Amino acid sequence: MKVSLQESYCTYDPDVIDLPAMALNVDVAANESEMPVHQHRKGQLVLALRGGVTCEVSDALWMVPPQCGVWIPGGMLHSNHATPNARICFLFVEPGAINLPNTCCTLSVSPLVREMILYLAGIDPQAGQDSHIRRLMRVLLDELARMPVEHLHWAISSDPKIRHIAQALVRDPADRSNLAQWADRVAMSERSLARLIVKETGLSFGRWRQQLHLIVALRELAAGMSVQQVSAELGYESVTAFITMFKKSLGRPPAQYFSALKNSGE
């Protein structure tokens with residue numbers, strides 16, 4: 001079944017359909033599209049087939065690069081933001097039907113799992129009562145539970161001072177203000193702010209901001225922006241410095257990383 005991103009929020013309720021799993025192909029208009037904050041009883045996998053999607057939950061920002069998916073457990077408030085060139089698919093899963101974490105995570109999705117999700121999205125939900133389709137759902141859920149976890153999220157925290165800094169950095173990821181400058185802005189000592197950031201995010205301030213840069217870079221590169229443009233948008237002094245950060249974080253420079261994702265989906 002195919003719906004627009006807004007329709008999937010405004011008119012489509014996956015919780016009323018009594019199936020272990022169901023899927024939707026989602027159209028994204030030729031501009032950036034965002035689904036407002038919402039929740040549903042079923043768990044949801046947001047699968048990016050092309051382009052990228054960012055999912056925001058209460059305490060983190062999650063990135064869905066091509067051929068990956070973000071798992072959002074049932075009942076969790078979240079919103080989805082798709083790049084203009086995105087092609088995405090939603091898989092909704094009945095609570096208890098799959099052995100996945102009860103917290104958000106990014107999964108690397110194999111071609112087999114992807115094709116089963118697309119097949120499921122192409123049939124009428126009423127066909128889900130067919131015994132053959134039910135067996136397919138069971139195999140799909142078993143395989144999905146085996147997919148490797150990728151660490152592609154940025155911790156935000158519910159602490160108001162950390163959230164204030166996070167919102168400012170999301171608005172302007174090129175902001176190079178140091179920890180002392182941020183401490184002045186939120187009326188804390190530099191040492192107290194450093195401890196608070198580690199406590200709330202598990203990372204030092206520098207590593208925390210770098211993780212945001214990685215999330216933004218993945219989103220913009222997936223949308224078709226060049227490495228040079230992304231490097232400038234994030235405020236790096238040189239393209240080489242940006243590529244070095246990317247490679248240290250994900251093991252490969254941007255071109256090789258996205259080439260590997262593309263090849264894994266073929």
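Confidence in this predicted model is lowest in helix α1 (residues 5-10), where the mean pLDDT is 52, and highest in α5, where the mean is 97. Across the protein chain the mean pLDDT is 86, and 91% of the residues reach 70 or more. Where pLDDT is low, the predicted coordinates should not be read in detail.

**Nonpolar cores**

The largest nonpolar core comprises 51 residues. Within this core, the residues with the most contacts are Leu91, Ile117, Leu120 and Leu144. For Leu144, once neighbours within four places in sequence are left aside, the contacts are Leu45, Leu91, Ile98, Leu100, Leu107 and Val113. Leu91 thus appears both among the residues with the most contacts in the core and among the contacts of Leu144. A second core, separate from the one above, has 37 residues, including Ile156, Ile165, Ala168 and Leu193. In soluble globular proteins, nonpolar side chains tend to be buried together.

**Packing of α7 against α9**

Helix α7 (residues 205-222) packs against helix α9 (residues 239-250) at an angle of about 100°, and the two axes are 11 Å apart. Because angles of 65 to 115 degrees count as roughly perpendicular, α7 is roughly perpendicular to α9. On the α7 side, the contact is formed by Gln210, His213, Leu214, Ala217, Leu218 and Leu221. On the α9 side, Phe242, Met245, Phe246, Ser249 and Leu250 take part. Sorted by class, this contact of α7 with α9 contains eight nonpolar residues, three polar residues and no charged residues.

**Positive phi values outside glycine**

Which residue in the loop between β12 (153-155) and α4 (160-171) merits attention for its backbone? Ser157 is found in that loop, and its phi is near 80°, a positive value in a residue other than glycine. Ser157 has a relative accessibility of 4% and therefore counts as buried, the cut-off being under 20%.

Ala187 is placed in the loop between α5 (179-185) and α6 (190-201). Its phi is near 60°, again a positive value in a residue other than glycine. At 67% relative accessibility, Ala187 counts as exposed, since the cut-off for that class is over 50%.

**Individual positions and separations**

The table sets out C-alpha separations for four pairs of residues.

| Pair | Separation in sequence | C-alpha to C-alpha distance |
|---|---|---|
| Glu115 and Leu140 | 25 residues | 9.6 Å |
| Arg87 and Val198 | 111 residues | 36 Å |
| Gly74 and Ala48 | 26 residues | 19 Å |
| Gln126 and Ile17 | 109 residues | 8.9 Å |

Glu115 is located in helix α2 (residues 111-121). With a relative accessibility of 42%, Glu115 counts as partly exposed.

Arg87 is found in strand β9 (residues 87-93). Its relative accessibility is 37%, so Arg87 counts as partly exposed. Apart from neighbours within four places in sequence, Arg87 is in contact with Asn25, Leu47, Ala48, Leu49, Arg50 and Leu118.

Ala48, listed among the contacts of Arg87, is also the residue paired with Gly74 in the table, at 19 Å. Gly74 itself lies in the loop between β7 (68-72) and β8 (78-82). A relative accessible area of 39% makes Gly74 partly exposed. What does Gly74 contact when neighbours within four places in sequence are left aside? The residues in contact with Gly74 are His40, Arg41, Lys42 and Gly43.

Gln126 occupies the loop between α2 and α3 (131-144). Is Gln126 buried or exposed? Its relative accessible area of 66% places Gln126 in the exposed class. Although Gln126 and Ile17 are 109 residues apart in sequence, their C-alpha atoms are 8.9 Å apart in space.

Notes
Residues are numbered from 1 along each chain as its sequence is written. Side-chain values use heavy atoms; hydrogens and water are left out. Axes are lines fitted to C-alpha atoms, for helices over the stretch in contact, and angles run from 0 to 180 degrees between N-to-C directions. Helices (H or I, at least four residues) and strands (E, at least two) are DSSP runs, numbered from the N terminus. Angles under 35 degrees count as roughly parallel, over 145 as roughly antiparallel, 65 to 115 as roughly perpendicular and the rest as oblique. Contact means heavy atoms within 4.5 Å. Ala, Val, Leu, Ile, Met, Phe, Trp, Tyr, Cys and Pro count as nonpolar, Asp, Glu, Lys and Arg as charged, and the others, Gly among them, as polar. A nonpolar core is a set of buried Ala, Val, Leu, Ile, Met, Phe, Trp, Tyr and Cys residues joined through side-chain atoms within 4.5 Å. Buried means under 20% relative accessible area, exposed over 50%, partly exposed in between (1.4 Å probe, protein chains only). pLDDT is the predictor's confidence in each residue, from 0 to 100.
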